[in-house]
Amino acid sequence: MTPRKPRVTTRTAPARGSVSLLDRQDGARPQGNVLDFPARRRSHRLRNALLSVVAVVLVLGGVVAYVVFSPALALREVVVEGNSLVTTAEVDAALAPLMGTSLTRISPEKVRGLLADKAPIEDVDIAAEPPSTLVVTVRERVPVAVLQNGAEFVLIDSEGRQLTSVAQRDDVRLPLIDGGTNAVNSEVFSSITAVLAELPASVLSRLNNASAASVDSIRLSLSGDRKIFWGSAERSAEKADVLEALLAMPETDPPVREFDVSTPDRPVTR
């Protein structure tokens, strides 16, 4: 009997870089999952981008810090405009705490706060003029009358706010309200100032005196001892137009001594 030759099984070596799965006894082959690993080049790009962003932020932060805190933009000069009732020296003294502060850190609110105790000032606007100048434009309240306070004469606005004072009555061409500074407490005071606030400057500057026995009997006086009967403060805008037109008329003979505009539709001269 011829002997059987032994079976020789040859296995091929797996290719380099591949994974070989050995045959199982039952012939089944295990299932495997292929995992994708991110390329290292992509992570390097992301890191470089983040570093670039951080560098830009740091540079911008340095620029902003320089602009805000740089001594090159420190305030050294204040220019005041639009003021007549409050002096430039008063404004300069009030804003002295801002000297040396960077112009970029000075706001209108901060300037208004430092000038809040100046009664003539209603509001301000500011403008920076680099490298070191701040222009402050003052908007003042409008005086409409004068009150006598001892030897001085106090200018007041339509709300009775005391704005400033002068030593001589002739220094101000505004009507004098009878009663001194106590006049602001009378019930007719607001009616008188409401009337004066409606008058154009050309008429207001010609008035000598303003008074009222009641809210319905407001009287004004002009130079040359001429009188104006105004009546109440109602329809004051219309009355002001009528009075301005009457004063612009040529002089008559005999001259008019009284203008009655209490009924603006039917003014009367006497």
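Let's start with one facing pair: Val79 stands opposite Val135 in strand E3. Keep in mind that this is a predicted model, where local features need pLDDT of at least 70 and side-chain atom pairs count only at pLDDT 80 or more, while totals for chains, interfaces and linings use all residues. Residues are numbered from 1 along each chain as its sequence is written, and side-chain values use heavy atoms, with hydrogens and water left out.

**The sheet around that pair**

- E1 and strand E3 (residues 133-140) run in the parallel sense and pair over five bridges; two strands pair if DSSP finds at least two bridges between them.
- Three strands make up an open sheet with mixed pairing, in the order E1-E3-E2.
- At the edges sit strand E1 (77-81) and strand E2 (121-129), each pairing on one side only.
- From one strand to the next, the twist averages 25° (axes are lines fitted to C-alpha atoms, and angles run from 0 to 180 degrees between N-to-C directions).

**The chain as a whole**

- You'll find six helices and 12 strands in the chain; these are DSSP runs numbered from the N terminus, with at least four residues for a helix (H or I) and at least two for a strand (E).
- The chain has 270 residues, and 33% of them count as buried (buried is under 20% relative accessible area, exposed is over 50%, and partly exposed is in between, using a 1.4 Å probe and protein chains only).
- Take the contacts with a separation of 6 or more: residues 24 or more positions apart account for 47% of them, where contact means heavy atoms within 4.5 Å.
- About 18,100 Å² of the chain is exposed, and carbon and sulfur atoms supply 54% of that; the areas come from the Shrake-Rupley method with a 1.4 Å probe.

**Nonpolar cores**

- The largest nonpolar core has 39 residues, and Ile177, Leu196, Leu199, Leu220, Ile228, Trp230 and Leu243 touch the most other members.
- Helix H6 gives this core its largest share, five residues.
- Another core, of 17 residues, lies apart from it, and its members include Leu75, Val78, Val91 and Val111.
- What counts as a core here is a set of buried Ala, Val, Leu, Ile, Met, Phe, Trp, Tyr and Cys residues joined through side-chain atoms within 4.5 Å.
- As a general rule, nonpolar side chains in soluble globular proteins tend to be buried together.
- Leaving aside neighbours within four places in sequence, Leu220 is in contact with several residues, among them Leu196, Leu199, Ile228 and Trp230.

**Salt bridges**

- The structure holds 12 salt bridges, each being a side-chain nitrogen of Lys or Arg within 4 Å of a carboxyl oxygen of Asp or Glu.
- Arg161 and Glu159 meet through their side chains at 3.0 Å, N to O; Arg161 counts as partly exposed at 28% relative accessibility, whereas Glu159 is exposed at 61%.
- Asp265 bridges to Arg235, with the closest N and O atoms 3.1 Å apart.
- That pair links distant parts of the chain, 30 residues apart: Asp265 is in the loop between strand E11 (258-260) and strand E12 (268-269), and Arg235 is in the loop between strand E10 (226-231) and helix H6 (236-247).
- Asp265 counts as exposed at 55% relative accessibility, and Arg235 as partly exposed at 37%.
- Arg270 and Glu258 also form a salt bridge, at 3.6 Å from N to O; Arg270 is in the segment after E12 and Glu258 is in strand E11, 12 residues apart.
- Glu109, Arg112, Asp123 and Arg139 are joined in a network of salt bridges.
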